[in-house]
Amino acid sequence: MRQAKFRITTRFSMTEFSSIPINVFTLPTPVDITLTPFWTTVLQYGNFLLQKSSTPGNPLFRNLMSTIASVFDTKQPPYRILFQREVNTVCLQIAVADTEQAIRTAWTWIERNMIPELEMIDHPIDKEHWVSEKINMIVTAIDSGTDELSSDENVRNASRSFRQIFDIPPSERFVNYYSCSHRARQGWLYISENYIGFHSFLLGLESKTLIELKDIQELKKERSKGIFDDSLRIITKDKQEHHFSNMFKRDEVYDLLIQLTGQAMQRWLKSSSMDTPGASTDADFLAAESKHAQEMRQSTSSSGRTHQLTSPLKQDLAAQKRDQAYCIRFRLPDSEHLMTGLDATYTKTASTDRESVFLSQVPPGHINLLGRVYLSETFMTFESHERLAAPQQHLPLCKAVFPLYTVKRVERIHSGAYTSGVAIVTLHKIEHTFMLHAEKNDCEQFCDALKGLLQKQVPHFKKVRPFVASCESEHLCTADTPSPPGGLGLEFGYPEDSKKSKDKSKTKLWKLYFQENGRNLTMIRLPTFGKLVRVGLPNRLRGEIWEAASGAMYLRFANPGVYQDILEKYKGQKSTSTEEIEKDLNRSLPEYAGYQSPEGIDRLRRVLTAYAWKNPELGYCQAMNIVTSALLIYTTEEQAFWLLHVLVDRICPGYYSTSMYGALLDQIIFEQLVEKTMPMLWNHFKKTEVELSIACLPWFLSLYVNSMPLECAVRVLDILFMEGPRILFQIGLAVLKINGEELLQTRDDGAFLDILKSFFQSIESSNDHRSTIEKKSRTRLTKLSEMMLIAYREFSLVTDEMVVELRRQNQLKVGAGIESFTKRTVIRHLKDTAGFSKEDIGTMYDKYFGTLYYSNRDTGGKPESKMNKETFQAMLASMTPWAKFKSTNEHPDSITAKELSTSFVYRMYRMFAGGKDELIDFQKMVRGMSEILQGDIMSHMDWFFRLYDEDKDDVLTSKDIINISKELYWLLSVLKDTDIAWDAVTSLIVHSCEQSDIAKGTQPDEATLKHRLADLTMKSKEESLHLRMKQLDNSIIADVIDITLPSFRMVVLTNESLEMLFDHGFKDSFNFSKSAVDRQKSLGRELFENLFAQGQRFAKPSSSLTVNSPVVNRSRSASTSSTTGVEDKEVETLMDEWGHFEV
């Protein structure tokens, strides 16, 4: 009976819920008040106590206690509310606050809404349960998505301290904190989703520094005092350096920051993109899409709303990193989450059905290997501990992926008291046994998890047979399976000659491999698999092997009919991307017969447009047509669509984005590899100012399809889908190695390009001279074979791990370079600079896109390049003190101030948008700020007049005067004080009445004006904002005021406070500078300092908005004194040379 009562009484009414104070209540935490003596009880009502922290003694003792609290990270907010069920029992801490006003607001709410119901419960334990449940409901309902719901109490406390110290919004997720030293002061390094904060409080001296993650350009591990590996150096985009030492978990901090800064940089690049080229140009269609997406988000939000604790963000980031590595290793869809993994011995017997031929080329498929087996939602995977022989020692001997929907039978094996395992039989009747090497409980849990996951895959079993029927391997191995549809090659022929490429022999070998080791969805990768791929794939099997090796096959299975649905949904729609696609269709491998016909062009058009619709932020980029046209020769449209998805999103991330971030990054990495492996050639390029990127960029963008004959380029694609992106670097290095002697004789870019062009044109021919490899093998090699052998043997040092690490090291510098280029491009393309200098507009750019960055992160939707009302308010809050209003309680003054602030900001929003409720782009923002920051007193009075002239009839009415009086009172109260504000608005009202009478031709009644003025000014100075607004509402009810702009100017000039506000006060309230400590609301400082460490000189300052801008010296021969400067200049050079970035 008692529990039923709790279920009823812990629910909220709408009035109760809307009045709950925010950012005050916390999850109930046990507190023993006998162990925390430095607290004084201020109020007590029943079981509730309101306490304030108090440190007795002299200031030195208080500073000492604060220092201890800071060193041990035990600093707490100074106010708290406790619940104590009985005297001398442990209390529950249910609310904390930094100010007395906030804690008293929570206390008042408890008195009104909790104590009356609590008095109806008799038993003390029942009271505690009821309070705990009610507070839990409050926190989970109001603080959803914040650290207040973290399951880790230490994270909740540290997050609260972090937000208290640095004034960070509650929505910011906290990650972790570490002890370290900064600028010779010991303290704590706080890391959150978007910030790094350092805080130190020692003996009364406080030091704090806040850095935005998106402002970081470089992270470096260093040794403090040249001995200890405990130091980290952070360089920001404005060239400020921060050294953190005495960091005992330096490597953990570095890895965490690399992960977070990489995510921040990707979000920034999306936010700074000015449009979505793949979005439809049909406004009605877009509106319907937006409405549907919003409904889906609301539905997901409401269905996912629970009253459960959340895991700390640090754990989520670790799981995200682990899942990402797992998916990349086994080429699985990104949606997979690694659940468990155990050491195991994998056993498989050789096939009894295979033909006894070619045993040396395709050995029997007997496997008995020690490795590790993993489980995720949809896959069971295995990787052996044993590695391949050199030069592929970084690759496993065996790798297997078993989709659970292909498992037909599973059996648990018990071979002893301490040994257990599992045997599975897959779709193609091959049995795989895994003997688990772990504790018995772990083995049981693994088997139980596998059983549960298999049960969830039952609905997908019926889809498997129709799917594998679309694979050529099924037709090859089973006589009753018809030949599936294929690519354009079936109709128009394949680029390479079948006899010359020994297509039939290769097909025979692959059939044997399939018989031994499975096919399509259940194929195991052994050393023979790699050999068969490297010698070249058979034409009919090429598309399927591409799918299987890259993981695109799993995406196609998981998304049946998606490709056709996209085409049907967007039929007849147009976008910027579709227009660009049409321009490039006839330039896509025009030498191939299939693309000289409507059939080939139509297929290419459908695949490219479908991908552009699926990924509108990226849309379409040149070179995608080249790659896709090569894919379609060997694959169906649906296969090509999912292969393109894998290429763009995983193998070559960022290559085809609007900023081409990935291509830039890999170009920097390739140049670093050339410098490392061929220093003589690299020094020659530097000496002769030969730009390596001129030739190498097309290699990477087109995946060599446009650089060498098509029949050779598909061999590169074979290896790329199997090996991953490192093969692009290895082949590029091999090309330079082969032509090294000739390249050393070049003196300019033209000769450099001629040598490489000649090499690719003759790549199918035999060498004129025998290479070292040929002499050892005693065979005559073509240039293509020699290139492949050199790539594998001499550049085997280029591993996946090396590529990942080099990308991590260079991603921030490349991101800074792209940001700089994007910023210059946006500023250069502004139609109207509104009289601002480039430096001023650059600062506005930071504010504008910095606000969009955080707004896009909070909404979770697709990145927007235009501002709505909420984002506009957030931008103003980063510039002005009067827009930073935060309503944390239900007090009438607080509600009134919020209403006035919202109303004033909305008026400004409409003014910036041109008198409409349209979104504000950067151009409108510049023009709007020009009216405020560059006008004089006359233009400012005109601006305010138009701001309140709602009906646009060039007359302010009584209602307009009341509105402007109320909002000016609020504005002046924030900027000045309430007395000055009240005098100003009373003068405004009285003189508005006077000027209105004069305009009507009647003589103002002096007695009435004096009476009204006395009535307004004789009110008590202690009156609240709420009451004064009511007084203003009633001040001219009986009057009809109509004043024009000249009269309004006369009214303003009669009061000194109003005159000063309109002359410079309002303008001066906008602050674009960046504080040395409080750096959390703006975007990076000067863009031109992003890519150069020196060789800079400062521009002459021009105004309060102007920031120093270095003049960039783009000469390659300019001397540099640091590696950073050289690398940054390379990024800048690449960005400037590629003219298509301007499109």
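The expected span of a helix is taken as 1.5 Å times one less than its number of residues, and helices here are DSSP runs of H or I with at least four residues, while strands are runs of E with at least two, all numbered from the N terminus. By that yardstick, helix α37 (residues 922–933), with twelve residues, reaches 16 Å from its first C-alpha to its last, close to the 16 Å expected at 1.5 Å a residue.

A word on the model before going on. It is predicted, so local features need pLDDT of at least 70 and side-chain atom pairs count only at pLDDT 80 or more, whereas totals for chains, interfaces and linings use all residues. Residues are numbered from 1 along each chain as its sequence is written, and side-chain values use heavy atoms, with hydrogens and water left out.

**Helix α37.** Nine of the twelve residues of α37 are buried (under 20% relative accessible area; exposed is over 50% and partly exposed in between, with a 1.4 Å probe and protein chains only). Among them are Phe922, Met925, Val926 and Leu933. At the N-terminal end, Asp921 acts as a cap, with a side-chain oxygen 3.3 Å from the backbone nitrogen of Gln923.

**Two serines.** Here is how Ser231 and Ser1057 sit.

| Residue | Element | Relative accessibility |
|---|---|---|
| Ser231 | strand β11 (residues 228–236) | 4%, buried |
| Ser1057 | helix α44 (residues 1056–1068) | 22%, partly exposed |

The side chain of Ser231 reaches the backbone oxygen of Phe244 at 3.4 Å. Such a polar contact is a pair of N or O atoms within 3.5 Å; within protein, one must be able to donate a hydrogen and the other to accept it, and residues adjacent in sequence count only if both atoms are side-chain atoms. Ser1057 and Asp983 are 74 residues apart along the chain, and their C-alpha atoms are separated by 8.4 Å.

**The largest cavity.** A cavity is a set of points, on a 1 Å grid over the protein atoms alone, where a 1.4 Å probe fits but cannot get out; lining residues have an atom within 4 Å of a point. Its volume is the space filled by probe spheres set on the points, which are joined across faces, edges and corners. The largest cavity has a volume of about 150 Å³. Of its 14 lining residues, Val401, Met523, Arg525, Ala548 and Tyr554 are the closest to the centre. Strand β16 gives the most to this lining, with three residues. Domain 3 (337–352 + 372–470) and domain 4 (484–651) both contribute lining residues, so the largest cavity lies between them; the domain bounds come from an automatic or database assignment.

Technical notes
1 Å grid on protein atoms, 1.4 Å probe; cavity = no way out; pocket = protein on both sides within 12 Å on 5 of 7 lines; lining within 4 Å.
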